Amino acid sequence: TVTSQTGAWDAVRARYAVGDTVPALVGSSTMRVESVGSEDLCLSQRLWSACVGRADVEEAIRLLAVVPGCRSAVAFSEFLRGHYATRRAAETGCLRRPNLCAVVLRDLGLLYPTR
């Protein structure tokens, strides 16, 4: 398991390899790992592809520590969406980062899957 923000990206890089599949946040679809590097993890589904950065994952882990009651992957994704929408440089468009961060944290054992 991941025990710190700084060890998180090492865990991501150790966990994923190009071609691996990862369950989506909800539903039965899967995402394919397209690349994993020193600064981002790129995933794709049938209709889209997107990347989540090292800084995003590390920030998500930091926020998870200050919202201890939020352990559901979907609930945490929604919390992150609100976080991105209310910070100084608010991001209000269609963001995949909250979901992708929740997927990664769930896959690393830090969040519970949605049932």
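How many of the 11 residues of H4 are buried? Nine of them, which leaves H4 mostly covered. Buried means under 20% relative accessible area, exposed means over 50%, and partly exposed lies in between (1.4 Å probe, protein chains only). Keep H4 in mind; the tour comes back to it.

**Before you click**

This is a predicted model, in which local features need pLDDT of at least 70 and side-chain atom pairs count only at pLDDT 80 or more, while totals for chains, interfaces and linings use all residues. Residues are numbered from 1 along each chain as its sequence is written, and side-chain values use heavy atoms, with hydrogens and water left out.

**Stop 1: the whole chain**

Show the chain as a cartoon. It has four helices and four strands. Helices (H or I, at least four residues) and strands (E, at least two) are DSSP runs, numbered from the N terminus. Follow the elements from the N terminus: the order is α-β-β-β-β-α-α-α.

Now switch on the surface. The accessible surface comes to about 6,300 Å², and 52% of that belongs to carbon and sulfur atoms. These areas come from the Shrake-Rupley method with a 1.4 Å probe; for residues, only the protein chains shown count as cover. Of the 115 residues, 42% count as buried.

Next, think about contacts, meaning heavy atoms within 4.5 Å. Take those between residues at least 6 apart in sequence: 51% of them join residues at least 24 apart.

**Stop 2: helix H2**

Select residues 54–66, which form H2. This helix has 13 residues. From first C-alpha to last, H2 reaches 19 Å, close to the 18 Å expected at 1.5 Å a residue. The expected span is 1.5 Å times one less than the number of residues.

Colour the buried residues of H2: Asp 56, Val 57, Glu 58, Glu 59, Ala 60, Ile 61, Leu 63 and Leu 64. Zoom in on Glu 59. Its relative accessible area is 18%, so Glu 59 counts as buried. Draw a distance from its C-alpha to that of Cys 101. The two are 42 residues apart along the chain, and the line spans 9.4 Å.

**Stop 3: H2 against H4**

Add residues 97–107, helix H4. The axes of H2 and H4 come within 10 Å and cross at roughly 70°. Axes are lines fitted to C-alpha atoms, for helices over the stretch in contact, and angles run from 0 to 180 degrees between N-to-C directions. The two helices are therefore roughly perpendicular. Here is the scale: under 35 degrees is roughly parallel, over 145 roughly antiparallel, 65 to 115 roughly perpendicular, and the rest oblique.

Show the side chains in the contact. H2 brings Asp 56, Val 57, Ala 60, Ile 61 and Leu 64; H4 brings Arg 97, Cys 101, Val 104 and Leu 105. By class, seven are nonpolar, none polar and two charged. Ala, Val, Leu, Ile, Met, Phe, Trp, Tyr, Cys and Pro count as nonpolar, Asp, Glu, Lys and Arg as charged, and the others, Gly among them, as polar.

**Stop 4: H2 against H3**

Swap H4 for residues 73–86, helix H3. The axes of H2 and H3 come within 11 Å and cross at roughly 110°. This pair is therefore roughly perpendicular too. On the H2 side, pick Asp 56, Glu 59, Ala 60, Leu 63 and Leu 64. On the H3 side, pick Phe 76, Phe 79, Leu 80, His 83 and Tyr 84. This contact has seven nonpolar, one polar and two charged residues.

**Stop 5: Ser 77 and Pro 98**

Which residues does Ser 77 touch, not counting those up to four places away in sequence? They are Leu 25, Pro 98, Asn 99 and Ala 102. Ser 77 sits in H3 and is buried at 1% relative accessible area.

Step across to Pro 98, in H4. Pro 98 is buried, at 0%. Leaving aside neighbours within four places in sequence, Pro 98 contacts Ser 77, Leu 80, Arg 81 and Tyr 84.

**Stop 6: Cys 51**

Select residues 49–53, strand E4, and find Cys 51 there. With 38% relative accessible area, Cys 51 is partly exposed. Beyond four places in sequence, its contacts are Asp 40, Leu 41, Cys 42, Arg 97 and Leu 100. Cys 51 and Leu 100 are 49 residues apart in sequence and 8.0 Å apart in space, C-alpha to C-alpha.

**Last stop: the end of H4**

Go past H4 to Gly 109, which follows the helix. Its phi is positive, near 90°.
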